[in-house]
Amino acid sequence: MARHEEKVVIRRAVRALDERLGSSPLLKKALRYVFPDHWSFLFGEIALYAFVVLVATGIYLTLFFEPSTALTTYHGPYAPLHGFEMSKAYSSSLDISFTVPAGLLIRQTHHWAALVFVVAIVVHLMRVFFTGAFRKPRDLNYAIGVTLLGLAILEGFAGYSLVDDLLSGMGLGIAYSVALSIPLLGANFAFFVWGGEFPGADSFEPRLFIAHVLIIPVLIATLIAAHLAIIMRQKHSQFPGPGRTERNVVGTPLWPGYALRSIGLLLAVAAVLFLMGGLIQVNPIWQWGPYEPWQGTNGAQPDWYMGWLIGALRLMPNFEPHVEGWTLAPNPFFGGVLFPAIVFGTLYLWPAVERRLTGDHARHDLLERPRDNPWRTAVGVAFFTWVFTIFAAGASDRVFVNLGIPYTGQVWVFRFAVLVLPVLAFFITRRVCRELHSSELHPLRDWVGTAVGRTSTGGFEEIRSGRGD
Amino acid sequence: MRLVRLLWRALVAIVLIAFHRSRRPTPAPPAAPARDQSLRRATPSPRAEQLVIALLFAVAVCAASFPVIYAVHDDTQLLGLALGLALALLAAAVIVAAKELVPYEVAVEERPELVRPEEEEEVVRLVEEGAEGVSRRRLLGLAAGAAGLSLGAALIVPAASLGPNVGNIIRETPWRRGRRVVDERGRPISADAVETRTFLTGFPEGADPRELGSPVVIVKIPPSELQLPAGRDGWAPEGILAYSKICTHAACAISLYRSPLYEPTAPRPALVCPCHYSTFDVRRGAAVIFGPAGRPLPQLPLAIDGERNLIAGGGFSGPPGPAWLGTRRRS
């Protein structure tokens, strides 16, 4: 009986939609849309859901945050800052943390979600790179994805720079210096963005705010929509397997299996982010104090996704070409502009470069396992090793402050590691890939060999041999 | 009590399902699924249904505790725990439902063919038709290009109001000959207050301390150790030196002073920027001895007035702060 009633309700709803939109053919197709199953496909979804949490928590925060560098004196509940002169941006952030009920939970969840958002995008990018998912016809969508990574980093930086605590001010100072360092046009560009000198240009805080809460998020949301629409049009790529060809997709249809699983993932991502937001402190802005240009703190670190740029700034020797006293390229240009330009340029151009080098212009819908393309995998590992080594160098001040390993020595080691490790990584990876490809073994699960134990008489005996877990 | 029983049953169910799953032989991958969908109806599992129901009730408990905590004791940890657990349990319920309750099936879908030559031809023909009968194509194209470019340029122009012209703003600092050096609260700094092995921060009296050209770091070394560049005689009375506090690399405040404790083994006295560890030699006019900074910290000539207070003996030896094209330096 209940079954029957259910069916009636569903039929009414479908009919109501049909009468207005004629949506049944589309719905039918959508419900049967097939998702191929592989755990590595979930990173992109995690990024998407982190973005959902970011938007939800972000909207809440905008209702309390005051994007203004106008000065005010703090009289809130946090005693150590009583009587401090600070910007309204900073004092309203303190209020979100201390006086708005549940404000700190939302603020910390927002911050954690931003950190996870970028992690998920980077891991997703690596998945796409190492499985060759960027090949035609997905090269266009890959470029959108790389753009999204750039925007996500920019958005995150804008977000923690808004607060106007000491750390965000130091970060903005560095960003301003990097903008100034662009050859020839740097000062004009920096003035264009900041509306004058930093610090001091009061127009910058509202600009940064509108960039963070409107311009960049709308761009991100639009590009995500395009990213997903293109996936729907081309359908998902899949790993080779029984019954899977270049011409079909084998997997779970959207309704009911995949929809439920994906909603489960959304809820799980939100759960982890809210748990972290509630239980794990992140960016305790009240400890940093308000930004004053003449103050600095040792061991200051930005959010993790800025680490690669900090590392590049640290490792660059003090080279500053100048002619007749004019500074052609101030030093931050190399680490802050040239390095990210090379990294993103490489990412954007890679599909075209690979097409040119391999002469493969065909359409590919079946993925490759990393081992099956040792050359590409080795290039990718070398590239990411290069970036991650520089990223690690970004933390050398923390290593110095916490472990006492001399900073100067570390930087020299890193300067050489940046040149040597990628080459080593290339050859090791290529060798490992060829080995795995020819033996068809799983690097972790399978092993080949003989396990030997001692017998009671002191001799040796074979316990287990062959291939297995 | 009911809640405890519910949670207990949920726990038992989780263990049972985990155990059950681990013993279930992994299904072989479907060998070449036929065009028609190979559908496998999930055997209705009462246990899974019970688990989902239990989890949903647990969600209700956690979620309902959120407003209670909010109203009674606004505690970030408890709030996060309540909301996070509610979401986590709901996620578990949905995932169990997805895996154990709803039909499991492997479906095959054909990929759309992206390239359709006949339709492409059609598109090309349609686009071409639009320009049928137009004779002066090149001139038209030229005119349209001119119109588009100039209109685009006109629309971009308002963006110019975003930033002022660089002009001299970026070059000027408040330091003038005779200006008193004051501390954070505006009190003059006496020459007797400056000690070796530590540093003070000074500002130009009456100026905006938040300008990059304002703050200076003041240190003192024995005058016999001074090795300042030529032309800076008398800039460091009694060994008291003032350098711009803003790093010439990336505008952070120089806030570390590496003062040697034992000269033979420890390095020479140096000012260090905490951001990227640019290191400046205090004795030799803040010459760069390590790190990415491309030029020394500009030095502020100091003098001591009749009341033994520090005053500026002039402007900086070079432009302070991060470099740009117009950052002139002595070649």
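Reader: In this predicted model, where does A:Thr455 lie in chain A?

Author: A:Thr455 sits in the loop that runs between β7 (447–454) and β8 (460–468) of chain A.

Reader: Is A:Thr455 buried or exposed, and how should one decide?

Author: The idea is to count the C-beta atoms around a residue, and a residue with 12 or fewer others within 10 Å is called exposed. A:Thr455 has 8 other C-beta atoms within 10 Å, and therefore counts as exposed. Once its neighbours within four places in sequence are set aside, the contacts of A:Thr455 are with A:Phe460 and A:Glu461.

Reader: How should I read the nonpolar interior, and which residues touch the most other members of the largest nonpolar core?

Author: In soluble globular proteins, nonpolar side chains tend to be buried together. Here the largest nonpolar core has 170 residues, and those touching the most other members are A:Ala50, A:Phe117, A:Leu273 and B:Leu55. Helix α3 (residues 76–101) of chain B gives this core its largest share, 17 residues. Apart from it lies another core, of 7 residues, which includes A:Phe35, A:Val249, B:Val106 and B:Val108.

Reader: With which residues is A:Leu273 in contact, leaving aside its neighbours within four places in sequence?

Author: The contacts of A:Leu273 on that basis are A:Ala50, A:Val53, A:Thr109, A:Trp112, A:Ala113 and A:Val116.

Reader: How many residues of chain B are in contact with chain A, and how should I describe that interface?

Author: The size of an interface is often given as the accessible area lost when the parts come together. For this model the description rests on residue contacts instead, with 73 residues of chain B in contact with 76 residues of chain A. On the side of chain B that touches chain A, α3, β2 (104–110) and β10 (287–290) of chain B each supply at least two residues, and the largest share, 15 residues, comes from α3(B). Sorted by class, that side of chain B has 48 nonpolar, 14 polar and 11 charged residues.

Reader: In which sense do strand β4 of chain A and β2(B) pair?

Author: Strand β4 (residues 248–253) of chain A pairs with β2(B) in the antiparallel sense, over 4 bridges. The bridge partner of A:Asn248 in β2(B) is B:Glu110.

Reader: What helices and strands does chain B have, and what share of its residues is buried?

Author: Chain B has 5 helices and 13 strands, and buried residues make up 35% of its 331 residues. Among contacts in chain B with a separation of 6 or more, 60% join residues 24 or more positions apart.

Terms used
Residues numbered from 1 in each chain as written. Chains lettered and ligands numbered in written order. Predicted model: local features only at pLDDT ≥ 70, side-chain atom pairs only at ≥ 80, totals over all residues. Buried ≥ 20, exposed ≤ 12 C-beta atoms within 10 Å, placed from the backbone. Contact = placed C-beta atoms within 7 Å. Core = buried A, V, L, I, M, F, W, Y, C linked by C-beta atoms within 7 Å. Nonpolar A, V, L, I, M, F, W, Y, C, P; charged D, E, K, R; others polar. Pairing = 2+ DSSP bridges.
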